[in-house]
Every structure is written in C-alpha cells, then in structure tokens.
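Me: I am new to this structure and would like a close look at a single part of it, the strand β3 of chain A and what surrounds it. Please take it step by step and explain the terms as they come up.

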Number of protein chains: 2
Amino acid sequence: MAAISPLSEAERSAALQDLPQWTYDKDNKGIARSFAFGNFVEAFGFMSSVALLAEKADHHPEWSNVYNRVEILLTTHDAGGLSERDIALAKQIDALI
Amino acid sequence: MAAISPLSEAERSAALQDLPQWTYDKDNKGIARSFAFGNFVEAFGFMSSVALLAEKADHHPEWSNVYNRVEILLTTHDAGGLSERDIALAKQIDALI
C-alpha cells in the first residue's frame, strides 16, 4: 500500500469529533477505545468482526482482550502516527456496536 | 466453577517441563508465550482456535495481537496465580501449532 501522511493536529481534532468514544493516545500516536461486553463469546465475536474489517482494509489494530473487555489502538506505522486509515477503521468498528 | 488452588513452586516447575516455550511471569503470576505467524490472517486464525478452546474450558487468556504476533498470558484469578487450568490450556494451545 502506498505511503500515507499523518493527520495534522487540526485534521485529527476534526476527525475525532465524529469519534467521541475514541481518545488520542499521544505516546502511541494513535487513537484508543475500550469496549466491554457481556462475556467472552460476545467480546470475541466482536473481535472476529473487527478482524474481517481490518483484513479487508489491509489495516490492522493493536489490541488486547481480557474476558469481556477489548482494548483497541489504531495507528499507522507507515505514516508515523494517526492517519485517515485509522479514522476510517474506527468508524467501521463503531458501526459494529 | 469451583475455587481452585494455585500450583506450588515445585508443581509449577514440573508442569513447565512439558511447556518449554512458556515462561513464568512472576509479576502477573502466570505463564506467557509469544507466537509469530506469517501474517494477520494466520495470527487471527490461531486466535479463533484458542478462543474456542478457552470458551470450552471456561478459562480465558489475557492476550494481545499486533499484525502477525500474538502474546498470551495464562493465569487463574480464582486461584490468585497459576493453576492446573492454565497448564491444561497451554498444552491445548501448543497442540494447535
């Protein structure tokens, strides 16, 4: 996939207006959101949906799971920070919930 | 599920003889292993298999994934440390590889 530029601070602020449950993680130069489900089956079902979206977009999350909780960080290593790809995937993930 | 006792140090050492690729994580009172795959599809395919085994055993990993890498920590909160359940699940996970 072609190289991609990181979002400017203004672009990031604008993009996060549409993603109120995501927060900018300065240290990891990405956006993060925590999800809680009723149990592991629901959490992993959600992860499976995210995995399909991620693979289709060729853009993959950094994420962890403990039982009913899922933590997702989206960043774009090729851009050295947050990019449009992260925003697009975050919107697709939010649409799952 | 009934309460379960943590393994003694001797039991843990004996159990880890059969799990040479797992290391005891003292801070998290569990055993950890890192897995690397060819790509995300393979990594998530592996995670899906682990998820089914975990749900069947009613014992779930603490784990994370970044693209082709999967990190798994197994510990038993009900036991306050490592238990037979972790050893059993680790063996099932190893059998997937």
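How many residue pairs are in polar contact across the interface of chain A and chain B?

Reply: The rule finds two residue pairs in polar contact across that interface, both at pLDDT 80 or more, a polar contact being a pair of N or O atoms within 3.5 Å in which, within protein, one can donate a hydrogen and the other accept it, while residues adjacent in sequence count only if both atoms are side-chain atoms.

This is a predicted model, in which local features need pLDDT of at least 70 and side-chain atom pairs count only at pLDDT 80 or more, whereas totals for chains, interfaces and linings use all residues. Residues are numbered from 1 along each chain as its sequence is written, chains are lettered from A and ligands numbered from 1 in the order in which they are written, and side-chain values use heavy atoms, with hydrogens and water left out.

Strand β3 of chain A runs over residues 62–66, with A:Trp63 and A:Asn65 on a covered face and A:Glu62, A:Ser64 and A:Val66 on an uncovered one; strands here are DSSP runs of E, at least two residues long, and helices are runs of H or I, at least four, both numbered from the N terminus.

Within chain A, β3(A) pairs in the antiparallel sense with strand β4 (residues 69–74) over five bridges, where pairing requires at least two DSSP bridges. A:Glu62 has A:Leu73 as its bridge partner in β4(A). The two strands form a hairpin with two residues between them, and A:Tyr67 in the turn has a positive phi of about 50 degrees.

β3(A) also pairs with strand β3 (residues 62–66) of chain B, in the antiparallel sense and over five bridges. There A:Ser64 has B:Ser64 as its bridge partner, and A:Val66 stands opposite B:Glu62.

As for the wider interface, 15 residues from chain A and 15 residues from chain B take part in the contact, which means heavy atoms within 4.5 Å. On the side of chain A that touches chain B, α2 (40–57) and β3 each supply at least two residues, and α2(A) gives the most, with seven residues.

Terms used
Buried means under 20% relative accessible area, exposed over 50%, partly exposed in between (1.4 Å probe, protein chains only).
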